[in-house]
Amino acid sequence: MFCFAACCFLFLFSAALGDVVSSPFIPPSQPLAVRSPYLSTWLGQSSGGTALNDAWAQFWAGRITAWAGFVRVDDVPYSFMGDPAIEPTFTKATQLSVKTEFVMSAGAVDLTISFLSPVEPNDLSKHSFPFSYMALSAASSDGSSHSVSVYTDISGEWVSGDSALAINWTTSTEGAITHQIQLQEPAVFGEISDQTQYGSMYYATSSVDGLTYQTGPDVDVRAQFVTTGTLNNTQDTNYRAIQDNWPVFAFAHNLGDVKTATDPVVVAIGHVRDPVIQYIRAAGEMQERSLYFFSEFSSVSDAIPSFLSDYGDALNRASTLDSQVENDASAISADYAGLVALSIRQAFGATEITLPKSTDGTWNTSDILNMNTVDVIFPAWPLYLYTNPDIGRYLLDALFEYQATGQYPNAYSIHDMAMPVEESGNMLIMALSYAQKTGDTAQLTKYYDLLDQWTQFLITDALIPAHQLSTDDFAGTLENQTNLAIKGIIGIKAMSVIAETLGDDSRSNNYSSIASSYVEQWQDLAISSDKTHLTLNYGNDSSWGLTYNLFSDKLLNLSLFPEEIYTMQTKFYPTKANDFGVPLDSRATYTKSDWEIWTAAIMTDTATRDLFISAVKDAAASGKGSATLRDWYETTDGSPEGFKARPVVGGHCNNGSSLSSNASSGSPADASDTDDNASTILLPSMLTAFLIILTVLNLEL
């Protein structure tokens with residue numbers, strides 16, 4: 001099952017025709033095990049769809065993470081997962097359907113393979129445990145009983161981006177049967193091809209009757225099952241390179257004679273690093289942080305049996321959350337529901353929750369941290385507001401805390417490149433929206449001076465932005481950016497509301513007056529001379545762009561910009577639409593899916609709103625890429641431009657009041673009590689770094 005908000009897609013596979021029919025659409029890639037930046041394995045889809053046993057699963061960056069599966073029915077072997085090549089003959093099972101699960105026909109038996117990557121936004125311990133489930137269930141398709149056994153394995157490719165490196169492994173038979181695999185010479189905080197170079201991979205299942213296990217060369221272990229239906233309960237101790245006779249780590253389950261659907265055989269797969277990250281605190285102190293689940297479990301081996309036994313309840317929780325998302329998103333449109341379902345899994349798969357140890361060695365659950373570039377958090381922000389606003393607070397805490405130490409020297413908010421107006425506006429907008437959503441003003445109070453510092457910078461620099469980058473840094477620097485000025489002006493108004501909330505009426509009135517004055521001046525600068533649209537940059541009448549930053553005016557209920565601006569843009573954008581959407585701006589024909597959906601949210605008619613939404617869905621379904629959902633793509637044909645597995649697709653959750661635009665109006669309610677016992681989140685977004693607030697551990701940026 002693809003949860004949370006599982007990809008609710010129905011796939012039909014014809015062995016004769018070799019194609020897949022999907023409803024609502026074939027996504028670019030199906031999530032199989034997606035719980036963290038380093039446990040992120042997908043099944044890429046071709047333009048006609050790809051069956052589970054037609055290709056190897058892949059890490060988000062594109063490298064194979066081999067995961068094989070066989071089933072024997074009345075002593076006849078079939079493959080149901082991966083693309084293994086072994087000498088004993090076997091038949092590929094026929095994929096019948098995928099609807100949060102794969103159903104494969106193997107002789108007279110239907111095998112259901114479900115993948116569940118739980119997202120538990122309100123349980124930090126469960127949410128931080130980087131494990132996924134695979135569940136197998138068999139049922140007769142002809143009404144007769146049939147003997148059935150199932151097999152799965154993983155390879156060492158899951159632990160490194162370099163198959164020439166040596167690994168070692170163990171198999172524990174106490175409690176759950178667990179294969180543990182790691183590099184012989186790990187490099188803490190290292191990466192190769194975006195895969196981590198330390199930590200351990202785990203492949204585990206409960207000890208039950210009919211279970212056998214084995215480790216050894218791929219061709220030998222797989223052939224053992226294909227020919228006999230069981231494994232030898234033996235361990236290969238010839239530790240070697242990942243690619244040296246490809247050691248695999250396998251389980252086989254004898255299901256006996258099967259007629260009605262069997263109880264699921266549940267296998268857990270996970271990857272754990274410790275420490276997860278280093279964080280720079282006051283005076284340059286380097287703090288090592290671990291995954292939050294260690295506050296509840298003494299070890300990974302202690303947590304695995306609990307995870308396995310929780311499968312049924314986890315499935316129920318995921319189904320409940322899926323239903324909520326489906327109902328909310330369907331209120332916008334069917335295309336939107338499909339897009340949101342595909343986005344949420346990916347966005348949460350780039351998040352890790354961390355905490356430090358106290359000086360006495362106990363876990364400090366009052367210190368939770370999340371680290372990332374501000375302009376990656378910002379587009380994903382609607383997802384956190386929708387699922388659990390406290391996750392957003394933890395994200396901001398890390399950014400506030402570091403900058404409050406004085407180690408960051410600039411007057412504007414931090415980033416890893418020159419985006420001063422962008423990041424200062426982002427921080428003010430996110431801080432206020434969290435307080436509006438929850439009524440918790442403690443963060444505003446604690447960092448009031450820092451927020452005011454950024455506002456002072458915006459007063460100087462927002463109306464006429466200097467030559468600088470925006471979040472769309474790949475487009476290059478530009479001066480007098482209309483959309484960037486919008487964000488800065490909204491940031492000033494947000495500080496006005498923050499000041500009012502905290503009883504600073506004089507400052508609130510001053511900032512409100514400045515923001516209103518800037519909007520009037522901005523209109524004279526930003527509207528084209530023919531009054532048909534907003535320009536990309538001041539004075540350039542032929543230019544235009546997606547003014548997605550206006551969404552924050554609606555999110556915060558500021559009513560700062562006049563409705564005529566929204567109406568004008570709504571009329572203009574359809575004139576610039578290509579087959580797969582409206583370009584990001586007039587400089588190129590590519591676009592960003594997150595910003596298209598943000599723009600859709602501010603359209604004044606449903607036809608234009610749905611034009612944006614359907615275009616993003618059509619690009620995802622175009623078959624022009626088999627990687628994860630891409631947020632940067634070409635509007636002429638839907639082909640991806642770059643970026644993979646980014647959490648910014650969480651921004652797809654912003655459209656309509658049912659998903660995220662339900663922040664309280666005006667000032668947040670006072671909240672004297674706050675939850676300081678929640679832990680800090682680390683949002684590694686997949687690149688190559690491990691330092692301070694800028695941590696982007698696993699995304700192509």
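Me: At about what angle to strand S26 does helix H15 run?

Reply: This is a predicted model, in which local features need pLDDT of at least 70, side-chain atom pairs count only at pLDDT 80 or more, and totals for chains, interfaces and linings use all residues. Residues are numbered from 1 along each chain as its sequence is written, and side-chain values use heavy atoms, without hydrogens and water. Helices (H or I, at least four residues) and strands (E, at least two) are DSSP runs numbered from the N terminus, and angles run from 0 to 180 degrees between the N-to-C directions of axes, lines fitted to C-alpha atoms, for helices over the stretch in contact. Helix H15 (residues 593-600) lies across S26 and S27, and its angle to S26 is about 70°.

Me: Which strands are at the edges of the open sheet that contains S27?

Reply: The sheet has three strands in the order S26-S27-S28, with antiparallel pairing; two strands pair if DSSP finds at least two bridges between them. Direction ignored, neighbouring strands of this sheet are turned by 35° against each other on average. Each edge strand pairs on one side only, and these strands are S26 (590-592) and S28 (640-642).

Me: Which residue of S27 is the bridge partner of Lys592?

Reply: Strand S27 (residues 632-634) is joined to S26 by three bridges in the antiparallel sense. In S27, the partner of Lys592 is Trp632.

Me: How many residues of strand S10 are buried?

Reply: Buried means under 20% relative accessible area (exposed is over 50%, partly exposed in between; 1.4 Å probe, protein chains only). On one side of S10, Phe102, Met104 and Ala106 are buried, and on the other side Val103 and Ser105 are buried. For S10 (residues 102-106), the count of buried residues is therefore five of five.

Me: Which residue takes a positive phi in the hairpin of S10 and S11?

Reply: S10 and S11 (residues 109-116) run antiparallel and are joined by five bridges. Ser105 stands opposite Asp110 of S11. The hairpin has two residues between its strands, and the residue with a positive phi, near 65°, is Gly107.

Me: Which strands do the buried residues of helix H2 pack against?

Reply: In H2 (residues 218-228), the buried residues are Asp218, Val221, Arg222, Ala223, Gln224, Phe225 and Val226. Just after H2, Gly229 takes a positive phi of about 85°. Contact means heavy atoms within 4.5 Å, and the strands packed against the buried residues of H2 are S6 (67-73), S7 (76-81), S13 (146-155), S19 (211-217) and S21 (247-258).

Me: Is helix H8 roughly parallel or oblique to helix H10?

Reply: H8 (residues 420-438) and H10 (residues 448-461) pack with their axes 10 Å apart and at an angle of about 135°. Angles under 35 degrees count as roughly parallel, over 145 as roughly antiparallel, 65 to 115 as roughly perpendicular and the rest as oblique. The angle of H8 to H10 therefore makes their arrangement oblique.

Me: How is the crossing of H11 and H12 oriented, roughly parallel or roughly antiparallel?

Reply: The axes of H11 (residues 482-501) and H12 (residues 505-526) come within 7 Å and cross at roughly 160°. Because of that angle, H11 is, relative to H12, roughly antiparallel.

Me: Is the crossing of H11 and H12 left-handed or right-handed?

Reply: A crossing is left-handed if the near helix is turned anticlockwise from the far one by less than a right angle, and right-handed if clockwise. The crossing in which H11 passes H12 is left-handed.
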